[in-house]
Amino acid sequence: MKIQAINGFKDILPDEVTRWQHIEQVTRDIFHRFNFKEIRLPILEETQLFARSIGQSTDIVEKEMYSFTDKGITMRPEATASLLRAFIEHGMHVQQPVHKLYTIGPMFRHERPQKGRLRQFHQLDAEIIGAVEPEVDAELMAMGQLLLAELGLEASLEVNSLGCPQCRPAFRQKLVDYLEKYTDQLCGDCRRRISTNPLRVLDCKNPNCRELVNDAPSILDALCTDCDEHFARVRSSLDLLGVTYTPNPLMVRGLDYYTRTTFEFIARNLGAQSAVGAGGRYDGLIEELGGPKLSGIGFAMGIERLVLLLQEKDKSESAPRNQVDIFIAALGDQATLKCFQLAHLLRKTGIRAGMDYSGRSLKAQMKLAGRLGARFTLIVGDQELQEKKAGLRNMQDQSQEDFSLHQTPEETARNLKTIITESLPVNERPDFTRRQI
Ligand code: HAM
């Protein structure tokens, strides 16, 4: 019997992992610039943590959670609830007034798999706890936009406010009154939602429902003075930071904990699952989970969706993939041994070096160097070794120069490292500072 991966659970093969590592590296770099600290969390939590935070009547809690019902535990469908649970459990609020935390890892939802939608997927999740100011909302969205920009991706930012416990109930009632007039024209899900979660009708994908909600009352006209002011300041702060966005009063998130600001990063190339990232404010949630009265805001990006977007982009730009900085093509037994030693010294200095020991022809080795995307190839034959020389080919323009081997192997490695480093644009040069031989 052939055993295969479960539907919606995906292997991430080595070629793709390179992209994941790049995404994680850029993410950490940016998050640290904004002063975020990493937190690592367990995958299993008590089921009631998610029921109480995400909401009993949400799709996630109602039908998408992987729960061990006999044990009352669930594989986390998102990171916010777990992160807040840890924040409260460890009394982190006493250390300082504002906390900026991020976590990266797998989440689990039993959804119907399709492009960009998996049952095990991964999020980059950032949360700011303890700050109520609208500038913080703008800073967080600006960070998300910077992350996408530094990955070379484009996505539009849609922003909404869902109000607070003061103004939302009145809006909810107004919306129910409106929807009840059209019950027979709504899809089955939305008919049910009128009593369980009427705001969700606003972002139903069914064309009939979409048409109807276009004329529905707008949440942005129903905000109380405080929420209205908060939203106005979020918008002016985004303007100040030069972050482009579109207000979208129909955007309602699939999690119940949001108050005031909500937002989504929408990418054009993702098909039906167009949100590459999303988040919002959750001012009452920490208290609801038994913690102190602190506000919070955060977002999560889906790594699989970022990978899809990078793949699309690479297709259109046919970007070269450099797996090694230098490939060493050795011809002959003596040369192979010398090069074997040289490759190790180069790796010790921080250079990614590739080599083949099987005694293949120069042509075959050059082909391999090309496949690995080597920037340079050092060609050393037994004859050249006697004469203390080699050929150094720049693989980009195919120019070749003589390279002197009149040095110790350590010196040779250092010289090659200098040549490779100087051939790279300054912002792409690896940080070799602590690696010496
Ligand atoms: P969410 O909108 O459920 O929000 O998910 C955030 C992102 O995770 C989505 O925009 C998407 O990129 C990715 N994602 C969600 N479900 C899947 C799936 N089945 N397959 C692939 N990717 C998926 C949250 O999870 C909130 N916790 C975000 C947040 C953080 N709000 C405040 N802080």
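This is a short tour of a predicted model, stop by stop.

**The whole chain**

Start with the full protein chain in cartoon view. The protein chain holds 15 helices and 16 strands. Its C-alpha trace spans about 90 × 55 × 45 Å along the principal axes. Now switch on the surface. The accessible surface of the protein chain comes to about 22200 Å². Carbon and sulfur atoms own 49% of that area. Of the 437 residues, 50% count as buried.

Next, colour by charge. There are 56 positive and 59 negative side chains in the protein chain. The centres of the two sets lie 4 Å apart.

Contacts come next. Take those with a separation of 6 or more: 70% of them join residues 24 or more positions apart.

**Two domains**

Select 14-167 together with 223-315, and give the selection one colour. That is domain 1. Then select 326-428 for domain 2. How far apart are the C-alpha centres of domain 1 and domain 2? They are separated by 46 Å.

**Helix 1 and the loop after it**

Go to residues 14-33. This is helix 1, and Gln21 lies in it. Is Gln21 buried, partly exposed or exposed? Gln21 has a relative accessible area of 48%, so it counts as partly exposed. Draw a distance from the C-alpha atom of Gln21 to that of Met1. The two residues are 20 apart along the chain, and their C-alpha atoms are separated by 34 Å.

Move on to Asn35. It sits in the loop between helix 1 and strand 1 (37-38). Asn35 is exposed, with a relative accessible area of 58%. Check its backbone angles too. Asn35 is not a glycine, yet its phi is positive, about 75 degrees. Most residues other than glycine have a negative phi.

**Strand 9**

Select residues 259-266. This is strand 9, and Arg260 is part of it. Arg260 also has a positive phi, near 55 degrees, and is a residue other than glycine. Buried or exposed: which is Arg260? Its relative accessible area is 14%, so Arg260 is buried.

**Ser295 and its neighbours**

Jump to Ser295. Look for the loop between helix 10 (285-288) and strand 11 (296-302); Ser295 lies there. Ser295 is buried, because its relative accessible area is 10% and the cut-off for buried is under 20%. Show its side chain as sticks. What does the side chain of Ser295 reach at 3.3 Å? It reaches the backbone oxygen of Ala131.

Now display the residues around it. Leaving out residues up to four places away in sequence, Ser295 touches Ile128, Ile129, Gly130, Ala131 and Val132. Arg281, Asp283 and Ile286 are also touched by Ser295.

**Asp325, the last stop**

Finish at Asp325. Find it in the loop between helix 11 (303-317) and strand 12 (326-331). Asp325 counts as buried, at 4% relative accessibility. Which residues does Asp325 touch, not counting those up to four places away in sequence? Select Ile351, Arg352, Ala374, Arg375, Phe376 and Ile420 to see them.

To close, show Ser295 and Asp325 together. Ser295 is buried at 10% relative accessible area, and Asp325 is buried at 4%. Then add Asn35, which is exposed at 58%.

Key:
Residues are numbered from 1 along each chain as its sequence is written. This is a predicted model: local features need pLDDT of at least 70, side-chain atom pairs count only at pLDDT 80 or more; totals for chains, interfaces and linings use all residues. Side-chain values use heavy atoms; hydrogens and water are left out. Helices (H or I, at least four residues) and strands (E, at least two) are DSSP runs, numbered from the N terminus. Buried means under 20% relative accessible area, exposed over 50%, partly exposed in between (1.4 Å probe, protein chains only). Contact means heavy atoms within 4.5 Å. Accessible areas come from the Shrake-Rupley method with a 1.4 Å probe; for residues, only the protein chains shown count as cover. Lys and Arg count as positive and Asp and Glu as negative; His and the chain ends are not counted. The place of a charge is taken as NZ of Lys, CZ of Arg, CG of Asp or CD of Glu. Domain bounds come from an automatic or database domain assignment. A polar contact is a pair of N or O atoms within 3.5 Å; within protein, one must be able to donate a hydrogen and the other to accept it, and residues adjacent in sequence count only if both atoms are side-chain atoms.
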